[in-house]
Amino acid sequence: MTVPDSRPAGAVTDPTDPAGPPVPPGPSRPADPPRGTWRPLLLRLHFYAGVLVAPFLLVAALSGALYAATPQLEQVVHADELTTGSRGEALPLDEQVAAARAARPDLPLLAVRPAAEEGATTRVLLDAGEADRSRRLAVFVDPVTGDVRGELTAYGTSGSLPFRTWVSELHRNLHLGEPGRVYSELAASWLGVVALAGVGLWWGGVRRARRPGARPVRDRLVPRRRGLRPRQRTRALHGVLGTWLVLGFLVLSATGLTWSRFAGANVTELRAALSWSTPAVVSDLEAAGSDEPGSGDHAGHGDHAGHAGHAVDDAPGVGWQVAHDAARDAGLVGLVEIGHPADGAAYIVQELDRGWPTQADAAAVDPATGEVVDVVRFADYPFMAKLARWGVDLHMGVLLGWVNQLALLVLAGGLVAMVVGGYRMWWQRRPTRGHRLRPGRPARRGSWRALPRWGLPVVVVVAVAVGWFLPVLGASLVAFLLVDLALGARDRTPA
């Protein structure tokens, strides 16, 4: 994003500064820009980061747009498992669980998600050996007839089924496992930097547009169509689009970093240090003050991560239905998941509806008595814990329903347009005499010389701090600098 070109036709321009003033022809080195301006540094940062990181942003945008549409697509792809035509009174939850266990008696039981509405199926979640990777085998049961509708692998708290999980992994790591997560963290880290630098460039030129009839502020909000050359029109569209979408890009960048590999660990440590972590319900019966901890009704049957074929009590103590009803009486509503209790621990019932208003309450139910021994309300979360929950759900497109999904699609489309427009500007700035296939000129070197005297120390301190907190951004920035120094040394070497 740069300022519209107002140079007179035929003027010879500085070959290293596409936005600089006209300079006389000749082989002499162009003069450095006047000290006290941040524009050359922003231009160089925006140019190099945009050119080198844009491919990662493009992949993230396209895969993210596909993921935003997966809730509806999942309902179509896996309709046989997710829905049923049966209507009527549901069987007790323990009988539904028994039907699923009859189909897969060899696998330990982990949790149950009762059907939240008429026409939906109940999920009985089993450990097929991938629980440590947040993958559980879901057996789908018709709550009215008890018939098993099928079984699929479900991923994470969202319960994503194979189609949605495949798209999620594409967006998260390109199906390359843990090493592939560096790509998405690189994109999330640089998205905010590139967006802020671009907006700074675009709006920093308002005071410079003094020609007759100019509308500096309006031209930054609505692209001009007349009186501009092709590259100027591309730049105007690029700058205006970036202005309208910058807030969304910053939100995507921040929320994407919260569960990234390296920066996400720093975010978690920061939240813990500032007591911003999400509170957890107390499942230990002694800690929760139960009168009968570790009673014989559930002793010896809590190892829900045991080996295949290990005998487990599928309905410890009072059973699944009583635990479910107790949680409902405690105020839990909508879709819930009931976790199989471990030794001396309670049933944990957790709300799973992440729409607005967020329903994330949790309750602990004593398997021996059916009493609720602890409740954690989302309303009592620390504000930053709530904000983190909302941010993740907003990024996933579930917080505001179809409105959230539509906004993500618009942001993804806008980001694709920004990337294409950026490369188009670079191509339009290429030499046209004798080297038609060469790319455009890069932003000029020595931009740090134009900073205010106090600017360079500030830039160094901020870069070190941000690079420490966002390690992938810091490492890539060092790599950019090393490459730039090597190119500069090459250019200074006589042929």
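**A walk through the sheet and its helices**

Let's start with one pair of residues: Arg136 sits opposite Ala154, a residue of strand S4. Before going on, you should know that this is a predicted model, where local features need pLDDT of at least 70 and side-chain atom pairs count only at pLDDT 80 or more, while totals for chains, interfaces and linings use all residues. Residues are numbered from 1 along each chain as its sequence is written, and side-chain values use heavy atoms, with hydrogens and water left out.

A word on labels, too. Helices (H or I, at least four residues) and strands (E, at least two) are DSSP runs, numbered from the N terminus. Two strands are said to pair if DSSP finds at least two bridges between them.

Back to our starting point. S3 and S4 are joined by seven bridges in the antiparallel sense. They make a hairpin with six residues in between, and in its turn Gly146 has a positive phi of about 80°.

How many strands does the open sheet have, and in what order do they come? There are eight, in the order S4-S3-S2-S1-S5-S6-S7-S8, and the pairing is antiparallel. At the edges stand S4 (148-155) and S8 (372-376); each has a single partner strand, so one side of each is left without a neighbour in the sheet. On average, neighbouring strands here are turned by 20° against each other, direction ignored. As a bit of background, strands of a sheet pair through backbone hydrogen bonds, either parallel or antiparallel.

Now move along to S5. S5 pairs with S1 over two bridges, in the antiparallel sense, and Gly339 in S5 is the bridge partner of Ala111. S5 also runs antiparallel to S6, with four bridges joining them; here Glu337 has Gln350 of S6 as its bridge partner. Which way do the residues of S5 point, and are they buried or exposed? Val336 and Ile338 point one way, Glu337 and Gly339 point the other way, and all are buried (buried is under 20% relative accessible area, exposed is over 50%, and partly exposed is in between, using a 1.4 Å probe and protein chains only).

Keep going and you reach the loop between S6 and S7, where Pro357 is found. A cis peptide bond joins Trp356 to Pro357, with omega about 0°. After that loop, S7 (residues 362-365) pairs with S8 over four bridges, again in the antiparallel sense. There, Val365 stands opposite Val372 of S8.

What packs on the sheet? Helix H10 (residues 320-329) does, touching S1 (109-113), S5 (336-339), S6 (347-351), S7 and S8. The direction of H10 makes about 130° with that of S5 (axes are lines fitted to C-alpha atoms, for helices over the stretch in contact, and angles run from 0 to 180 degrees between N-to-C directions). Another helix, H5 (residues 162-173), lies across S3 (135-141) and S4, running at about 10° to S4.

The loop between H5 and H6 (181-204) has a couple of curiosities. Leu174 lies in this loop and has a positive phi of about 60°, although it is not a glycine. His175 lies in the loop between H5 and H6 as well, and its phi is near 60°, a positive value in a residue other than glycine. Leu174 is partly exposed at 30% relative accessible area, and His175 counts as partly exposed at 37%.

Next, look at two helices, H1 (residues 39-68) and H12 (residues 402-428). They pack at an angle of about 150°, with their axes 9 Å apart. H1 and H12 are therefore roughly antiparallel to each other (under 35 degrees counts as roughly parallel, over 145 as roughly antiparallel, 65 to 115 as roughly perpendicular and the rest as oblique). Residues making the contact include Phe47, Leu58 and Ala68 of H1, and Leu408, Tyr423 and Trp426 of H12. Contact here means heavy atoms within 4.5 Å.

Last stop: Phe469, found in helix H13 (residues 455-469). Phe469 counts as partly exposed, at 25% relative accessibility. Which residues does Phe469 contact, leaving aside its neighbours within four places in sequence? They are Ala263, Asn266, Val267 and Leu270. Phe469 and Ala265 are 204 residues apart along the chain, and their C-alpha atoms are separated by 9.4 Å.
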